[in-house]
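The following exchange examines how certain labels are assigned to a protein model and on what grounds each one rests.

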Amino acid sequence: MRLFITMLLLCCIPISNVFSQEPEPKEYPKQAQEPGKSSVSSVESEDPELSYTTNNTIASPESKMMSGRINAGTDKYTGILQVQIPLYEIKTNSGKIPISLNYSGSGIKIDDYSSSIGIGWDLSAGGKITRAVRSLPDSFYDLKETSDIYKWKKDFYFDHTASSFYHKRQYDLEPDIYYFDAPGLSGRFFLDGNQQAHTYPYQPMDIMYDSIANQFTIFDQQGVRYIFKDNAITDTGIIDHDDVIRTSQNVNMTWYLNEVKYPNGAIVNFNYSGDNYTYFFYDAENRVRHDGKVLQLIGKENDYRRSITVSNRHISSISYNEQEIKFNYDRKKVYWGLQEQLDNFEVYANGQKLKTVCFARDTFPNGNIKLNKVFVQAKPGHKQPIVSFEYYDDPIMPGHEHRGFDHWGYWNQDGEDLSGYPFVPINGIYPEFGISRASELERTRAQSLKSIHYPAGGSKEFVYELHRGKERDQAVMRICGGLRIQKIIIRDANDSKPAVYSYSYEGGVVYADRFNYTRKKSESNQFTDFYQSARCLSSITDFNGASVVYTEITEHLPNGSSIKYEYVPLLEYDDLYPEKYLSKQDTVLFLGYETEQDLPKTIRAYGRNLLQQETAYDADGKIVKRTSYEYLIDTANEVRIPGHILYRSKVDGHSQDCIARYYRICCPVLLKRKIEYASNTNLYCCTEYEYNKRHLPSRIIERYTDGTRITLYTKYDFEYYDKINFGMDYYPSSYLPVERIVYKNGEVKQATINIYNTAPNKLLLSKTLHLSDPYATVDSLAFKTSYRSFRGTLYYDQRYKEATCYDEYDADGNLLCFHNDNSIFTSNIYYTDRSTSLATITNARFSPNATERINEVFFDDFEKRLNGAYIWPEVINAKSGNHANISSSYIIPISNFKPGIYTLRYWYRLQNSDDWRLHKTNVTINDSQNYIVSFPKESIAVDDLSLIPLNATIESHVLIPGLGIISKTDLRGRTTYYKYNGFGLPTHVFNNEREVIKTFSYDNYNPNITLPTL
């Protein structure tokens, strides 16, 4: 049986559109495989950045991360290349903060400017919320006041008692869009008139906006808080051909992530620095007259530049306890001004620099930054390569104000004196002026990523083609803007036979239903005047930024097998034209939908990008596995926030005042059923999903063809408080599971309850309950699920027993002590501001902050720091770590120690000796006075001092985050030592006598660089 079902809860989260993010490409063999045991290999084959040979080599997680796996594959819904290169991660006691390079290969547009890392690339470090303003920056009073469409009668429409008229668009009638990105989450949301945030597509999280402090807080499903405080201003303007600024708008556009707060109290801090940058791109508008026969250009072309001045901020540091990452920038001159370019980031632990991750760049001819290489530098001249890149350099892309681009903004033609206006029909007639807006492959892919190269000789090459699809309701195929992947060619070495992954696309529909560049200015009996723009005014890309929406994408694998992905068609959940209303004196009339003018649509992307079926074929075209998916689109609980556009439209032969009304929709989309077949028709398993009111999975039911039925029941923290009407201190926005029960064929097989303690701004696990007899037969009908009474008391089935009690945490949320059902304590020792534990003690309780006498543990490895400096000096060949005590005595505070007999143990070293000697004696603790330890007179250093009960055991280690374990001492007091080179990779392992028991050697760089302080 495939389960055991516990892992399902981790992957089955109800996030809309998550199902388009497919697993890494798989190769299916020629013979069909048994379900759940298919022999697969990934496109993302291991391409080691460092090849090495060793006797019994085990690389550290950090070195695996640095040399690690680069994800470069095709988005199975859009066909767009997506690349992610992990560079480093900060590890906390509650989660990880990753730093990675990300690339999206849809093509580089003429007016695309480089980030601080390179054109097309984004450094994922820190986070931000970015606003896209609609009409005016959000005025919540205006949005709330104008939300009722039936208020829009003539008096309301022309209300002149306010400071200005609604129809002059100086009131905010449209909700802005906010895009958020932070470690582990991303998406977009809008705010309604009550300042309530709604994600779209829907995600189960809470977003709060504090308008007084002007900051956002996001709570994710695990209760982690992301706090965005710092903000930046963007100034947009229009500059005419005489370099005179015609209009300007100054808006708060970006909020930066400053803190990540975990439920246990751990905090990661983010800091930023930056400067102002101004970007320019070409735009234009002219006046065209249509007299019923021909089109005439009235006056000269009105060219101008749009400017965007950004108060841009770059991440400068990330810190957690003793870990810190510092980002360093070069201020480079580019043709549009000065720009901060990321040169490297440095990894620190305990104030020591462990490694530097560097970025080698140059520039394309138009000034865009070209990222060439990523490498680790230990010291000048010694580099560990990670990855290098090659781009499509030919033809050479012109500057950012070039006028030759397609409908979507991609470069499509050369020329110095091009007209800025498109050759497209106006009122059904083609003008005698303008240039083509057709797409062209070679120019569209200019400056796009061509290949990724690894130090060992392997590579991945990307072959692109333009998007292609049918126009709506027509059989005509259109070539569209932007790139999709045609092939990915993988080589394990420079001279190896390539493995080719190719992609075919079916059912593509062009998203744009028209390409309109004009808006009507005036109309008379003799002629009609239009304003024609250089930029397309129609909606021409879907919610995901693609010009074509596909229903099928097939991945063809090197061994001849293939996988087909089928999605909900565009036209099944097409975006809707805005509702059209006529404002009259005493009423508001609904006139249908505005299809003639280009106004914002109601986006229904929540119903698309949903994987309906995944089918695997062998090399002979035989189906070896098929999985279909059904969804619950919960329109009953959707939130619709309106936006309004006021405009003039011809009604009954006259131009009248109208309102276009569209909606932002937050609609939960949940996986309802998954059906798996071992072949085309051989049903294997059907899985059904049920959800609670917050759209979290409450039941996952698996039914197999042999009659087996397995159910996972989950009840969450918030569900215990929904019907309790008195004040209770519980952690806000908690989606954490409390009770989980696994049923199989009518019997309870597993059951667990997690009980949490709440404190101000904290949520800590207090107890875990399990079944008292896990092998007993328990009828599901006789087993009672847990609940809280009106008074808040938790009741649960009598078959539960306490399995683990989590007794104490420190201020950083580190678990200091827990005990099992046999009352055997296990304790972990932490220093303040240290990410990892010093030691683990079994059969003793560590309670350093207790006011009563219950503590039983003291330990000091003399690696503690104060105000950024080590308290104790560095000692060559310390017993553990790098530091030791050199004083003649030591004071152990025992005021909260439990009376009893303890073992005092420490290691000491004599003059002119490298051997460490163990001192061990029994000590009786009765009073609460400090205990003074006097060391042997002949000792010159003391290390690893402990005071624990007689029957307790201790294991200790010294670990430097970002590097690894330096030393590890077992129960018998025998220590294993680890040595690293300057790149953070292990070179030697020594036993207790410091004899070499393991060595590591590496290619591609000098292996003899060491960090002397380690």
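Q: How many disulfides does the structure hold?
A: In this predicted model, the number of disulfides is zero.

Q: What makes C805 and C817 fail to count as a disulfide?
A: The sulfur of C817 is the closest cysteine sulfur to that of C805, at 8.7 Å. A disulfide requires two cysteine sulfur atoms within 2.5 Å, and the separation of 8.7 Å is therefore too far for a bond.

Q: Is C805 buried or exposed, and how do you know?
A: The relative accessibility of C805 is 10%. Buried means under 20%, so C805 counts as buried.

Q: Why is C536 called buried?
A: Its relative accessible area is 17%. The limit for a buried residue is under 20%, and C536 is therefore buried.

Q: Which residues touch the most other members of the largest nonpolar core?
A: They are W121, F327 and L449, in a core of 148 residues. Strand 3, residues 81-91, gives the most to this core, with six residues.

Q: What does F327 touch, when residues up to four places away in sequence are not counted?
A: The residues touched by F327 include I99, L123, A125, I315 and I318, together with L342 and F345. Also among them are S316, S317 and N344.

Q: What makes D657 a buried residue?
A: D657 belongs to strand 36, residues 654-666. Its relative accessibility is 9%; because buried means under 20%, D657 counts as buried.

Q: How do you know that the side chains of D657 and R648 are joined by a polar contact?
A: The distance for this pair is 2.7 Å, and a polar contact needs a suitable pair of N or O atoms within 3.5 Å. Beyond its neighbours within four places in sequence, D657 is in contact with residues including K154, Y157, F158, Y581 and Y647.

Q: Why does H883 count as buried?
A: H883 is placed in the loop between strand 52 (869-870) and strand 53 (889-892). Its relative accessibility is 6%; as buried means under 20%, the residue therefore counts as buried.

Q: Which side chain makes a polar contact with the side chain of H883?
A: The partner is E863, at 2.8 Å. With residues up to four places away in sequence not counted, H883 also touches D861, F862, Y870 and W872, among others.

Q: Why is N877 called partly exposed?
A: N877 is in the loop between strand 52 and strand 53, and its relative accessibility is 31%. Buried means under 20% and exposed over 50%, so a residue at 31% counts as partly exposed. N877 is not a glycine, although its phi is positive, about 55°.

Q: Is D944 buried or exposed, and what makes it so?
A: At 5% relative accessibility, set against the limit of under 20%, D944 counts as buried. D944 lies in strand 57, residues 939-949. Its phi is near 50°, a positive value in a residue other than glycine.

Q: Where is a cis peptide bond with omega of about -5°?
A: This bond joins Y200 and P201. P201 is in the loop between strand 9 (197-199) and strand 10 (206-210).

Q: Which residues are joined by a cis peptide bond with omega of about 5°?
A: They are D394 and P395. P395 is found in the loop between strand 20 (382-391) and helix 5 (441-444).

Key
Residues are numbered from 1 along each chain as its sequence is written. This is a predicted model: local features need pLDDT of at least 70, side-chain atom pairs count only at pLDDT 80 or more; totals for chains, interfaces and linings use all residues. Side-chain values use heavy atoms; hydrogens and water are left out. Buried means under 20% relative accessible area, exposed over 50%, partly exposed in between (1.4 Å probe, protein chains only). A nonpolar core is a set of buried Ala, Val, Leu, Ile, Met, Phe, Trp, Tyr and Cys residues joined through side-chain atoms within 4.5 Å. Helices (H or I, at least four residues) and strands (E, at least two) are DSSP runs, numbered from the N terminus. Contact means heavy atoms within 4.5 Å. A polar contact is a pair of N or O atoms within 3.5 Å; within protein, one must be able to donate a hydrogen and the other to accept it, and residues adjacent in sequence count only if both atoms are side-chain atoms.
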